[in-house]
Amino acid sequence: MKALLFGTTLLCLLASPAQAQLRKVNDISLAAASKLADTAMAACQAQGRHIVVTVLDRGGNIVAVQRADGVGPHNTDASRRKAYTALSTKNDTQALAVAARGNPDMANLTTVPELLLLGGGLPLRTKGEVVGAIGVAGGGGAQQDRACAHAALAAIPELDSPTL
């Protein structure tokens, strides 16, 4: 009987790690990314601003990109890099830019090729967990880009609202 109990216990312990290796994660869907992009575009267009917006999933993959007519081509890459920076650092890119100006150690972040420390990138969080990022460029400056990115977050109620 003891051998059977020991064997059953051992089997349970060996089977448990297989389940522990898989985890469930939240991610941005195409529908949510499209809604975020549409809302950012509308917010900026309402102010007479024309932008490019990029939405990334939690793995840094592009889920949606929208570019208004007449926006300079460099802004497409800038919006992606702002989103990537927000995702990778889990921070608002405007806050990073300010911190880098005042801290020599953080200023080194400007040398990382894919990072862009310029306002307009925000991490997308749900219940504190980063599930993606949004980047806006071409709106006439970092503050304007950031405002359009922030306005987009209201379109998805499941997303946490960042403190600005």
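Are C44 and C148 buried or exposed? Keep that in mind as you work through these exercises on a predicted model.

## Exercise 1: The cysteine pair

**Task.** Decide whether C44 and C148 count as buried or exposed, and describe the bond between them.

**Solution.**

- Step 1. Start with the distance: the sulfur atoms of C44 and C148 lie 1.8 Å apart. The cut-off for a disulfide is 2.5 Å, so C44 and C148 form one.
- Step 2. Next, locate the two ends. C44 belongs to helix α2 (residues 30–45) and C148 to helix α6 (residues 142–153), so this bond links distant parts of the chain, 104 residues apart.
- Step 3. Now look at the twist. The torsion about the S-S bond of C44 and C148 is about 110°, which means that the disulfide is right-handed.
- Step 4. Finally, the answer to the opening question: both C44 and C148 are buried. The count of disulfides comes to one.

## Exercise 2: The overall layout

**Task.** Describe the secondary structure of the protein chain, and say what share of its residues is buried.

**Solution.**

- Step 1. Count the elements: the protein chain has six helices and four strands.
- Step 2. Put them in order. Along the sequence, the pattern reads α-α-β-β-α-α-α-β-β-α.
- Step 3. Turn to burial. Of the 164 residues in the protein chain, 38% are buried.
- Step 4. Consider the surface too. The accessible surface of the protein chain is about 9,200 Å², and carbon and sulfur atoms account for 58% of that area.
- Step 5. Check how contacts span the sequence. Taking contacts between residues at least 6 apart in sequence, 65% join residues at least 24 apart.

## Exercise 3: Salt bridges across the sequence

**Task.** Find which parts of the chain are tied together by the K82–D145 and D92–R146 salt bridges.

**Solution.**

- Step 1. Recall the general idea: side chains of opposite charge can pair when their charged atoms come close. In the whole structure, a search finds five salt bridges.
- Step 2. Take K82 and D145. Their side chains meet in a salt bridge, with a distance of 2.8 Å from N to O. K82 sits in helix α3 and D145 in helix α6, so this pair ties together parts 63 residues apart in sequence. Both K82 and D145 are buried.
- Step 3. Take D92 and R146. Here the N to O distance of the salt bridge is 2.6 Å. D92 lies in the loop between α3 and α4, while R146 lies in helix α6, so the pair ties together parts 54 residues apart in sequence.
- Step 4. Classify these two residues. Buried means under 20% relative accessible area. D92 has 11%, so D92 is buried; R146 has 16%, so R146 is buried as well.
- Step 5. Look for shared partners. D77, R80 and E114 are joined into one network by salt bridges that share partners.

## Exercise 4: A closer look at E114 and R80

**Task.** Locate E114 and R80, and classify how accessible each one is.

**Solution.**

- Step 1. Begin with the pairing: E114 forms a salt bridge with R80, and their closest N and O atoms are 2.8 Å apart.
- Step 2. Place the partners. E114 is in the loop between α5 (104–107) and β3, and R80 is in helix α3; the pair links distant parts of the chain, 34 residues apart.
- Step 3. Classify them. The relative accessible area of E114 is 33%, so E114 is partly exposed. R80 is at 21% relative accessibility, so R80 also counts as partly exposed.

## Exercise 5: T85 and two positive phi values

**Task.** Describe the surroundings of T85, then say where K90 and K127 lie and what their phi values are.

**Solution.**

- Step 1. T85 is part of helix α3 (residues 74–89). Its relative accessibility is 0%, so T85 counts as buried.
- Step 2. Leaving aside residues up to four places away in sequence, T85 touches several residues, including K90, E114 and L117.
- Step 3. Move to K90, in the loop between α3 and α4 (93–102). At 47% relative accessibility, K90 counts as partly exposed.
- Step 4. Most residues other than glycine have a negative phi. Phi of K90, however, is positive, near 60°.
- Step 5. K127 has a positive phi too, near 55°. K127 lies in the loop between β3 (121–126) and β4 (129–137), and its 81% relative accessibility makes K127 exposed.

Technical notes: Residues numbered from 1 in each chain as written. Predicted model: local features only at pLDDT ≥ 70, side-chain atom pairs only at ≥ 80, totals over all residues. Heavy atoms only, no water. Buried < 20%, exposed > 50% of the residue type's maximum accessible area, 1.4 Å probe, protein only. Contact = heavy atoms within 4.5 Å. Areas by Shrake-Rupley, 256 points an atom, 1.4 Å probe, with all protein chains shown as cover. Salt bridge = Lys/Arg side-chain N within 4 Å of Asp/Glu carboxyl O.
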